[in-house]
Amino acid sequence: MKKHRIFRVDDRLIHGQVIEGWIKYFKLSNTSIVNDKVYADPIQQMIYRSVVPKGVNILISTIKSFENEFLKIKNDDFLVLFESIQDLYTCRKLIDDSIEVNIGCIANRPHKHQISDTVFLDISEIKLLCELREEHNISIKKLPWETSIEILNFNKLLDGNL
Amino acid sequence: MANRLNRFFLLLRSLFYTGNFNIENMQGTGFRWLVDYVGKKGHYEISDELLKKEGEYFNTHPFFITFILGVWFKELNTEEGPDYWKKVYSSAFAAVGDSFFWHSFKVFCFLIMAIIGIYSPVVGLIMYLLIYNGFHFYLLFAGFKIGYKYGKNLITWFNLFRVNQWGQIFDAVSVFLLGLLLSFLIKSSGIVTYWHYFLGASLLLLGLFFAKTLNVVLAFMFAIFGFGVLLLLRGL
Amino acid sequence: MTLLLALLAFFVSLDRFTALHIMISRPIVIATIVGLLTSNIQLTFYVGILIEIFGLIDVQVGTRIPREDSFVAFVMSVLVGNGYFTSVSKFLVILLLLLILMYVANMTEEIVRKINKKVFTKYRYSNWPILFGVVISGLRGVLVYSAGVYFCILVLEYLGGIFKHGNNIKTYSIFISILLSGYLLRFLSFKSLYKYIIFLLGLFLGWLIA
């Protein structure tokens, strides 16, 4: 059976779409939150551990320590959650061809531009995505059974059309 | 704020707070509306600036909204501030709510209604609405008080009831009830021939086989076509 | 009767996407209420079961608009309840048509969300967009659901003397429900082996006591 290995940027981290759409749909046995704030906060950790369905292993790590932690789940199926494009960019060395990279939701904040109905990015994030896109396929995808929006090239946008 | 009457009115309002649901701020408008209401009733000091900020992006499962409000007011004057916990709990409750209420509890209540409804649809209907909304309204009514009592530690209250296991437990019961329902349906319609049993079993197996590969709408359409052809050829 | 059905359509649409969430928008609930109103509850109930099972295999998460099973249930129940189906073949044709129209109904909800967004952007710090959203969502239900009913009646009139095979709508509904039950069984999250054992146990016990 095909193993689903997913890196996902979603600023809500674990929420309905992640549980229903990804973890339950693909019957994933590992999920990981890569976030310094969550790692440093025992209550937040407890909250996320409490809402993940029983039987799903949850790993919470800092961005820095994720490289080592990743070895534990590397050969299994997994969903790794990042809060921002910057966090994903920092961990870009870990991405290989077997990993699907997608963006779920990045909420609207001041100085952000609407990319899709759920993704709003600022210029620095678009630049990082452009760089990541050169080596990896990245798409905007809310749910596994929905059509994904391919992020082909933002360079035109960066050339003054923003 | 915590008196029963105010909590009852909060329950009523919380049934409508998603009125302006849109893809930009999701339920943000409604959240600000509820914060404003509780703030005025409870004589909390909330600056206009903070109140305006509450209209920004917010989304959770609607049945847990009063819990989040309780936490928000409890954490209002703390160092981390209320919005930090609002964000954490809104995601967490969206996960619990979507996976339990939308996925599991809805199926469970339907099966209860369908089984009872074969004998009396009206009793089935009453049971469905009572069971589902009994739980729903209890959460909305008690949520603020519990959220306010526990504040950022609210998850410890939910952990008392092993919240992440609810879905699986109800799904297991639903699996049993689904079996029960199919037997009741077949018997209630007076289906007696081996041809019918063979057809029923084949359809169930086909459904199981195609569930993960063929979209359910397409499967439904194919089934309609198939039964149309069957109808023309020999009927049921 | 028309007024009561319009009122029901208002609250169903509201309950489904915008407010309340008290489950009056579930197909089986709609079918039973319409059955009560039209005094044909025994038949609408089984049609409700069929559309409910179909609708359950879909979860409302985040910004995603789930399939408009309430629309299908409302139109089918009104037509079944008022005795518009004189044959199974007509029932199947309309059901197929509604599965296609369901996507149009979904698009109308998308429009409502876009209107809500515009109202929010214009009146960012006001509370009245909530009331506006409630009213517009309810009106969407009245318009879309009644348009669905009238369109299907027109189609049925057009079909006239053709498609007149079969007369047991209940049996056909049950058999299609059985097929979709396979989907529902896979949809329920539980360890596979135990799941099928428990299911067979339910099936067997149901057989004994029914």
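Helices here are DSSP runs of H or I with at least four residues, strands are runs of E with at least two, and both are numbered from the N terminus. With that in hand, B:Ala211 is easy to place: look in the loop of chain B between α9 (194-210) and α10.

Before going further, keep in mind that this is a predicted model, in which local features need pLDDT of at least 70, side-chain atom pairs count only at pLDDT 80 or more, and totals for chains, interfaces and linings use all residues. Residues are numbered from 1 along each chain as its sequence is written, while chains are lettered from A and ligands numbered from 1 in the order in which they are written.

**Chain C on its own**

Chain C has eight helices and zero strands, so to speak an α-α-α-α-α-α-α-α pattern when read along the sequence. Its C-alpha atoms fill a box of roughly 60 × 50 × 25 Å along the principal axes. Of its 210 residues, 55% count as buried, where buried takes 20 or more other C-beta atoms within 10 Å of a residue's own, exposed 12 or fewer, and partly exposed anything in between, with C-beta atoms placed from the backbone. Contacts are residue pairs whose C-beta atoms, again placed from the backbone, lie within 7 Å. Among the contacts in chain C with a separation of 6 or more, 74% join residues 24 or more positions apart.

**Where chain C touches its partners**

On the chain B side, 74 residues of chain C are in contact with 73 residues of chain B. The elements of chain C giving two or more residues to this side are α2 (27-38), α3 (41-56), α5, α6 (128-159), α7 (169-187) and α8 (192-209). The largest share, 16 residues, comes from α7(C). By class, this side of chain C divides into 46 nonpolar, 20 polar and eight charged residues. Nonpolar covers Ala, Val, Leu, Ile, Met, Phe, Trp, Tyr, Cys and Pro, charged covers Asp, Glu, Lys and Arg, and the others, Gly among them, count as polar.

The contact of chain C with chain A takes six residues from chain C and nine residues from chain A. The chain C side has two nonpolar, three polar and one charged residues.

**Two helix pairs across B and C**

Two packed helices are described by the angle between their axes and the distance between the axes. The axes are lines fitted to C-alpha atoms, for helices over the stretch in contact, and angles run from 0 to 180 degrees between N-to-C directions.

Helix α10 (residues 216-233) of chain B packs on α5 (residues 88-122) of chain C at about 160°, with the axes 10 Å apart. The two are therefore roughly antiparallel, a label for angles over 145 degrees, where under 35 is roughly parallel, 65 to 115 roughly perpendicular and the rest oblique. In α10(B), the residues B:Val217, B:Phe220, B:Met221, B:Ile224, B:Phe227, B:Gly228 and B:Leu231 meet C:Val88, C:Ser89, C:Leu92, C:Leu95, C:Leu96 and C:Leu99 of α5(C). That contact holds eleven nonpolar, two polar and no charged residues.

The other pair is α5 (residues 82-119) of chain B with α3(C), at about 165° and with axes 11 Å apart. That makes α5(B) roughly antiparallel to α3(C) as well. Here B:Lys106, B:Val107, B:Phe110, B:Ala114 and B:Gly117 meet C:Phe45, C:Ile49, C:Glu52 and C:Leu56. This contact has six nonpolar, one polar and two charged residues.

**Annotated membrane spans**

UniProt, in an unreviewed entry, lists "transmembrane region" for several stretches of chain C, including 130-156 and 168-185. For chain B the listed stretches include 169-186 and 216-233. Positions follow the numbering used here, feature names are shortened, and such annotations may be inferred rather than shown by experiment.

| Span | Helix | Strand | End C-alpha distance |
|---|---|---|---|
| Chain C, residues 130-156 | 100% | 0% | 39 Å |
| Chain C, residues 168-185 | 94% | 0% | 26 Å |
| Chain B, residues 169-186 | 100% | 0% | 27 Å |
| Chain B, residues 216-233 | 100% | 0% | 25 Å |

**A few loop residues**

Back to B:Ala211: it is partly exposed, with 18 other C-beta atoms within 10 Å. Apart from neighbours within four places in sequence, B:Ala211 is in contact with C:Gly182, C:Tyr183 and C:Arg186.

Most residues other than glycine have a negative phi. C:Met23, not a glycine, has a positive phi of about 75°. C:Met23 sits in the loop between α1 (2-18) and α2 of chain C, and counts as buried with 22 C-beta neighbours inside 10 Å.

How values were computed:
Contact = placed C-beta atoms within 7 Å.
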